[in-house]
Amino acid sequence: MPDTPSPRWSDLDRPPLDGPALAASLTRDSGLWRSLEVVPEIGSTNAALVAAAAADEAEGAVLVAEHQVAGRGRLDRVWISPPRAGLTVSFLLRPDVPAARRGWLPLLTGVALAEAVGEVTGVRASLKWPNDLLALDGRKLAGILAEGRDSPTHPTAVVVGVGLNVSTTADELPDTGTSLSGVTGATVDRAPVLLGFLRAVERRYRRWTAALGDPVSTGLAADYLAWSSTVGSEVVVSLPDGSTLEGTARAVDWDGRLVVATPEGQVELASGDVRHVRPV
């Protein structure tokens, strides 16, 4: 027997992902996912797939990093996670839907992630518009970043990236963050969470694109509202221009925009950083 243990089991709390096994399992019966690659370290999975999209890569590529050293969230925030402590995954899609409907892609991704996390780990979560998965105590479990790229020869590409805290500990997280292991008090295997999530994305994405991005007939809008902790809450929204808006989140419209009722009237927001003040 070798004196040195196998590197796969060198960290029992954070074992590496088995890329070839995951790729075989995911692509075997998939009509969407063409490939899945796990890399030990990368600057940004989103940036790598955005570059691939610019080179006319077809949709269905999935890239997973065990350690991302230059990850970004929305508003160019830095996303940092210790090696193998979370799931850092991006995928390339080319949705043939009206441009206005593409705002539903990060929301669709959020619903798929909430479903998979609940089914695989039993962790109940909610969605904060437009891109956060929250534990029931309001702390952040995951963030989602969608980036669109036009192409002269292929349908518009959208790269969707997800960073999910799995075994990250309290001293590795900000006070506003938590992890699946932190919620369950137990070790969580990342592989079934990843596969469950990507399969849920495929089911919803194929139904949504077949309906030309209609969120109502596909049930996506109703399912999103069922997971949402934003709709129905008093919110403060920081807007891209530096201003803030306060009001009651009333709905999410057909284009995925947050509808906020303010003293000055109703406003539809395509982007913004939401803070929940209190539920109605």
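Helices, taken as H or I runs of at least four residues, and strands, taken as E runs of at least two, are DSSP runs numbered from the N terminus. The exercises below concern a predicted model.

**Exercise 1. Locate Asp56 and Leu212 in the secondary structure and describe the backbone and exposure of each.**

Step 1. Asp56 sits in the loop that runs between helix H2 (45-54) and strand S2 (61-65).

Step 2. Its phi is positive, about 70 degrees, although Asp56 is not a glycine. Most residues other than glycine have a negative phi.

Step 3. Partly exposed covers the range between 20% and 50% relative accessible area. Asp56 has a relative accessibility of 28%, so Asp56 counts as partly exposed.

Step 4. Leu212 belongs to the loop between helix H5 (190-210) and helix H6 (220-227). Leu212, also not a glycine, has a positive phi of about 55 degrees.

Step 5. The cut-off for exposed is over 50%. Leu212 reaches 53% relative accessibility and therefore counts as exposed.

**Exercise 2. Which residues does the cis peptide bond join, and where does Pro130 lie?**

Step 1. The bond joins Trp129 and Pro130, with omega at about 0 degrees. Most peptide bonds are trans.

Step 2. Pro130 is placed in the loop between strand S6 (125-128) and strand S7 (132-135).

**Exercise 3. Describe the surroundings of Ala251 and of Ser25.**

Step 1. Ala251 is part of strand S11 (residues 244-252). With a relative accessible area of 27%, Ala251 is partly exposed.

Step 2. Apart from neighbours within four places in sequence, the contacts of Ala251 are Val231, Arg257, Leu258 and Val259.

Step 3. Ala261 is ten residues from Ala251 along the chain, and their C-alpha atoms are separated by 9.4 Å.

Step 4. Ser25 is in helix H1 (residues 19-27). When residues up to four places away in sequence are not counted, Ser25 touches Leu195 and Arg199.

Step 5. From Ser25 to Pro106 the C-alpha to C-alpha distance is 24 Å, at a sequence separation of 81 residues.

**Exercise 4. How many cavities of 30 Å³ or more are there, and which residues line the largest cavity?**

Step 1. Rolling a probe the size of a water molecule over the atoms shows where empty space is left.

Step 2. The count is three cavities of 30 Å³ or more. The largest cavity has a volume of about 50 Å³.

Step 3. The lining of the largest cavity consists of Ala65, Glu66, His67, Gln68, Ser81, Pro82, Arg84, Ala85, Gly86 and Thr88.

Step 4. Sorted by type, these lining residues are three nonpolar, five polar and two charged.

**Exercise 5. Characterise the overall fold and the confidence of the protein chain.**

Step 1. The protein chain has six helices and 14 strands. Its radius of gyration is 19 Å, close to the 19 Å given by the globule rule for 280 residues, so the protein chain is as compact as a globular protein of that length.

Step 2. Along the principal axes, the C-alpha atoms fill a box of roughly 75 × 45 × 30 Å.

Step 3. Of the 280 residues in the protein chain, 52% are buried. Among contacts between residues at least 6 apart in sequence, 66% join residues at least 24 apart.

Step 4. The average pLDDT of the protein chain is 92, and 90% of the residues score at least 70.

Step 5. Over residues 1-10, pLDDT stays under 50, and the model has seven contacts beyond four places in sequence for this segment. Where pLDDT is low, the predicted coordinates should not be read in detail.

Key: Residues numbered from 1 in each chain as written. Predicted model: local features only at pLDDT ≥ 70, side-chain atom pairs only at ≥ 80, totals over all residues. Heavy atoms only, no water. 1 Å grid on protein atoms, 1.4 Å probe; cavity = no way out; pocket = protein on both sides within 12 Å on 5 of 7 lines; lining within 4 Å. Points joined across faces, edges and corners; volume = space filled by probe spheres on them. Nonpolar A, V, L, I, M, F, W, Y, C, P; charged D, E, K, R; others polar. pLDDT = per-residue confidence, 0-100. Contact = heavy atoms within 4.5 Å. Rg over C-alpha atoms; globule rule 2.2 N^0.38 Å. Buried < 20%, exposed > 50% of the residue type's maximum accessible area, 1.4 Å probe, protein only.
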